[in-house]
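Open the structure in your viewer and set it to cartoon. Keep the selection panel at hand. Each stop below says what to pick and what is there.

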Amino acid sequence: MRKIRKLVFVLSVLLCLVAANACSGEGREKDKQTVSSQTEGTIQLTIERHPAAADLSAQYGYGKRDSLPDLFHDAYDIRSTDLTSCDLTKDYSKLLKATFDSKTVWPDKLPGSFDPDKIMELYKNPGLNIRSLHEQGITGKGVGIAIIDQPLLVDHIEYKDRLKYYSERITVKDQEASMHGPAVASIAVGNSVGVAPEADLYYIAEDFELVMDDYGLLAESINKLLDLNKTLPEKNRIRVISISWGVDYYEGIGSKPLNEAYQRAKDEGVLIITTSIFKREDMTFFGLDKYPLSDPDDFNSYTKIPYPAEPEMMMKMKRKYNISVPMNYRCTASPTGTEDYAVYRQGGLSWAAPYVAGVYALACQVKPEITYEEFWKLAASTARTSHGTYEGEEYEAPYIIDPLAIMNKLEKEE
């Protein structure tokens with residue numbers, strides 16, 4: 001059973017473009033141990049550590065290439081890669097499926113219509129008219145979002161001003177920033193990337209490898225956030241904890257305290273989003289693919305639900321209340337520098353979880369007394385469907401969340 005769980009974990013990480021050694025810090029200089037704190041209300045909120053920026057070229061051995069790498073999970077991964085020796089003038093269609101970052105060094109020989117900087121800006125848009133809500137002042141201001149994930153580049157410009165609390169398990173204290181943490185944090189609360197750019201962020205860096213063997217460790221992190229929540233002002237309470245991992249009602253070591261932590265959160269009105277939430281709630285979410293370079297605000301840009309690909313598995317995941325959110329062709333904060341970004345052809349459900357958390361934070365700002373059951377029911381009832389043909393195949397993209405419709409209904413109730 002333990003081997004099976006580890007295999008499932010590795011496969012899920014691959015879907016999110018995370019290599020098994022993404023958080024490895026062996027052989028590197030220890031991260032600086034600077035501790036900063038701020039006082040808000042009656043409590044002191046602490047940033048325990050400032051993990052060093054990641055060197056992806058060293059981690060993954062991308063280095064310098066004279067051609068594009070092989071297609072992997074429908075993407076060409078050229079993050080932190082030197083392509084100056086490449087002639088890519090005939091590779092436009094491949095480049096549209098590229099995963100790249102601010103450290104990618106581009107050649108002079110590019111297709112004339114391919115502009116990496118413009119693509120980054122386009123994919124920063126969270127889509128589905130979220131930015132029009134921001135213009136109306138619906139930004140999640142003051143609402144608490146917590147994330148449990150891998151080590152965070154805490155000083156990234158996308159979220160450093162929103163980060164109220166950062167804590168780590170001792171086993172990750174020598175690790176540099178992961179690629180996963182900055183991405184999910186920026187999708188939730190990023191200034192230019194995020195769904196709820198003025199929500200407050202509370203973050204615990206967990207060791208998911210250890211959690212695989214003892215789910216009680218994850219329970220500890222959840223309870224730590226719930227304890228912290230009791231000290232926060234009522235209007236700034238944590239309303240949602242986003243965990244971009246499938247950890248729901250497993251049997252084995254620590255399953256009892258984990259299930260108890262989930263129940264405690266429910267009793268205290270805190271939504272815990274995981275990629276397998278359907279195992280404990282009558283609700284679920286899916287991630288959407290989209291046309292490359294299409295308008296993120298156009299519902300018809302979203303083409304299908306690529307994961308899970310198997311219809312039988314999707315039927316098992318469906319619940320009474322279903323929603324789907326943007327997942328692919330997103331630009332997020334990168335771990336390689338405090339002003340760096342990364343474009344991901346595919347994000348996996350890891351990118352979808354913080355998106356849902358962000359929309360819920362917006363709803364909590366509009367209607368502070370809303371429950372997460374009420375939110376999910378409303379999101380499902382106002383969801384939209386797009387139809388079309390993509391790469392020669394007809395598709396249906398169902399359950400597309402409509403944030404404008406949700407907020408409009410909530411405002412009418414106020």
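The tour goes from the whole chain to a sheet, then to strands, helix pairs and single residues.

**Whole chain**

Start with everything selected. This is a predicted model. The protein chain carries 13 helices and 16 strands. Of its 414 residues, 59% count as buried. Next, consider the contacts in the protein chain with a separation of 6 or more: residues 24 or more positions apart account for 71% of them.

**Stop 1: a four-stranded sheet**

Select β3, β4, β14 and β13. These four strands form an open sheet, in the order β3-β4-β14-β13. The pairing is mixed. Which strands lie at the edges? They are β3, residues 76-77, and β13, residues 330-333, and each pairs on one side only.

Zoom in on β3 and its neighbor β4, residues 98-101. The two strands run parallel and are joined by two bridges. To find one bridge pair, label D77 and T99: T99 in β4 is the bridge partner of D77.

Now step back along the chain to D74. This residue sits in the loop between α2 (56-60) and β3. Check its backbone: phi is positive, about 60°, although D74 is not a glycine. Because its relative accessibility is 25%, D74 counts as partly exposed.

**Stop 2: strands β8 and β9**

Select residues 238-243 for β8, which pairs with β9 in the parallel sense over four bridges. One pair to label is I241 and I272, with I272 on the β9 side.

Show the side chains of β9, residues 271-274. L271 and I273 point one way, while I272 and T274 point the other way. Buried or exposed? All of these residues are buried.

**Stop 3: helices α8 and α9**

Select residues 216-229 for α8 and residues 255-267 for α9. Their axes come within 8 Å and cross at roughly 25°. That angle is under 35 degrees, so α8 is roughly parallel to α9. The crossing of α8 past α9 is left-handed.

Show side chains across the contact. On the α8 side, pick G216, L218, A219, I222, N223, L226 and D227. They meet P257, L258, A261, Y262, R264 and A265 in α9. Color by class and you get nine nonpolar, two polar and two charged residues in this contact.

**Stop 4: helices α11 and α12**

Move to residues 349-366 for α11 and residues 372-381 for α12. Here the axes come within 11 Å and cross at roughly 105°. The two helices are therefore roughly perpendicular to each other.

Which residues meet? From α11, select V356, V359, Y360 and A363; from α12, select Y372, F375 and W376. By class, this contact has seven nonpolar residues, with no polar and no charged ones.

Now pick P368, in the loop between α11 and α12. Because its relative accessibility is 48%, P368 counts as partly exposed. Add K235 to the selection. P368 and K235 are 133 residues apart along the chain, yet their C-alpha atoms are separated by 7.9 Å.

**Stop 5: helices α12 and α13**

Keep α12 and add α13, residues 403-413. The axes come within 9 Å and cross at roughly 125°. The pair is therefore oblique. The crossing is right-handed.

For the contact itself, show E374, F375, L378 and A379 in α12. Opposite them, in α13, are I406, K409, L410 and E413. The residues divide into five nonpolar, no polar and three charged. Leave F375 labeled: this α12 residue meets α13 here, and it also takes part in the contact with α11.

**Last stop: Y399**

Finish in strand β16, residues 393-400, and select Y399 there. What is the sign of its phi? Phi is positive, about 65°, although Y399 is not a glycine. D74, from the first stop, also has a positive phi, of about 60°.

How values were computed:
Residues are numbered from 1 along each chain as its sequence is written. This is a predicted model: local features need pLDDT of at least 70, side-chain atom pairs count only at pLDDT 80 or more; totals for chains, interfaces and linings use all residues. Side-chain values use heavy atoms; hydrogens and water are left out. Axes are lines fitted to C-alpha atoms, for helices over the stretch in contact, and angles run from 0 to 180 degrees between N-to-C directions. Angles under 35 degrees count as roughly parallel, over 145 as roughly antiparallel, 65 to 115 as roughly perpendicular and the rest as oblique. A crossing is left-handed if the near helix is turned anticlockwise from the far one by less than a right angle, and right-handed if clockwise. Contact means heavy atoms within 4.5 Å. Ala, Val, Leu, Ile, Met, Phe, Trp, Tyr, Cys and Pro count as nonpolar, Asp, Glu, Lys and Arg as charged, and the others, Gly among them, as polar. Two strands pair if DSSP finds at least two bridges between them. Buried means under 20% relative accessible area, exposed over 50%, partly exposed in between (1.4 Å probe, protein chains only).
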